[in-house]
Amino acid sequence: MRSIVKSLRRRTRPFMAIAALSMAGGVVTAHHAFAQNAFAVMASNADLSDWLGLVESAGLGGAAGNNEYTVFALTNDGFDQLNALLRGKLTQAGSNRPVDPQLLQEVVRTHVILGLHPASEFAGKTVTLTTAAGDPITVDGTDPTSLKLTMRYATAHEVAPPIVADNAIIIPIVDDNAHF
């Protein structure tokens, strides 16, 4: 009997932790219920499918490994707003193959900051950090409704609440003014 109880405890421990978070007023999403890295979380979000395709085309799908990072991920609506000329500079028409792989990697890396940076870190202030590409990114949190970003290739704003993965914070954005 004792071994059955121990076995049952081991199997139910993750579910008890979720229940405890819920009872304590914590927010639990499907992303928190089961361990997932950022790539898996983005793959499960249909609104980030174009961004994920861009990351894969750049050959950066597994580049982050287990490192912690914050990514400002362009939503599908954001890609729709890019004009045909800019989209043409990133990928060949009718395929996901990059026209210039180095440019594509640079563009993706300008959207990534090493370390976990929740949106609350920027509330009420403007902060300049360094991207994975080595470029400055300015995050303006003075507008309580949306973060504003100034990056090497674009200005952008947050369009949805951040998504938390095991190793990343993903902040969905739309570019306001992209230029390559």
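Valine 71 of strand β1 stands opposite valine 112 in strand β2, where strands (E, at least two residues) and helices (H or I, at least four) are DSSP runs numbered from the N terminus. This is a predicted model, in which local features need pLDDT of at least 70 and side-chain atom pairs count only at pLDDT 80 or more, while totals for chains, interfaces and linings use all residues. Residues are numbered from 1 along each chain as its sequence is written, and side-chain values use heavy atoms, with hydrogens and water left out.

The facing valines belong to a pairing between β1 and β2 (residues 112-114) that is antiparallel and runs over three bridges; two strands are said to pair if DSSP finds at least two bridges between them. β1 also pairs with β8, this time in the parallel sense and over six bridges. Within that second pairing, tyrosine 69 has alanine 168 of β8 as its bridge partner.

How enclosed is β1? Six of its six residues are buried, so β1 is largely enclosed by the rest of the structure. Here buried means under 20% relative accessible area, exposed means over 50%, and partly exposed lies in between (1.4 Å probe, protein chains only). In a regular strand, the side chains alternate between the two faces of the sheet. In β1, Tyr69, Val71 and Ala73 point one way, Thr70, Phe72 and Leu74 point the other way, and all are buried.

Just beyond, threonine 75 sits in the loop between β1 (69-74) and α5 (76-81). Threonine 75 counts as buried because its relative accessibility is 2%. Leaving aside neighbours within four places in sequence, threonine 75 is in contact (heavy atoms within 4.5 Å) with Asp47, Leu48, Val159, Pro172, Ile173 and Val174. Isoleucine 173, for its part, touches Thr75 and, among others, Phe72, His111, Leu149 and Met151.

Isoleucine 173 also appears in the largest nonpolar core, which has 39 residues; Met42, Trp51, Val71, Phe72, Ile170 and Ile173 touch the most other members. The largest share of this core, six residues, comes from strand β8 (residues 168-178). A nonpolar core is a set of buried Ala, Val, Leu, Ile, Met, Phe, Trp, Tyr and Cys residues joined through side-chain atoms within 4.5 Å. Trp51 lies in helix α4 (residues 49-57), where Leu52, Gly53, Leu54, Val55 and Ser57 are buried as well. After α4 comes glycine 59, with a positive phi near 75°.

Aspartate 143 lies in the loop between β4 (136-140) and β5 (148-150). With a relative accessible area of 27%, aspartate 143 is partly exposed. A polar contact of 2.7 Å links its side chain to that of threonine 145. Such a contact is a pair of N or O atoms within 3.5 Å; within protein, one must be able to donate a hydrogen and the other to accept it, and residues adjacent in sequence count only if both atoms are side-chain atoms.

Taken as a whole, the chain has seven helices and eight strands, and buried residues make up 36% of its 180 residues. The mean pLDDT (the predictor's confidence in each residue, from 0 to 100) is 76, and 68% of the residues reach 70 or more. Over residues 1-33, however, pLDDT stays under 50. Where pLDDT is low, the predicted coordinates should not be read in detail.
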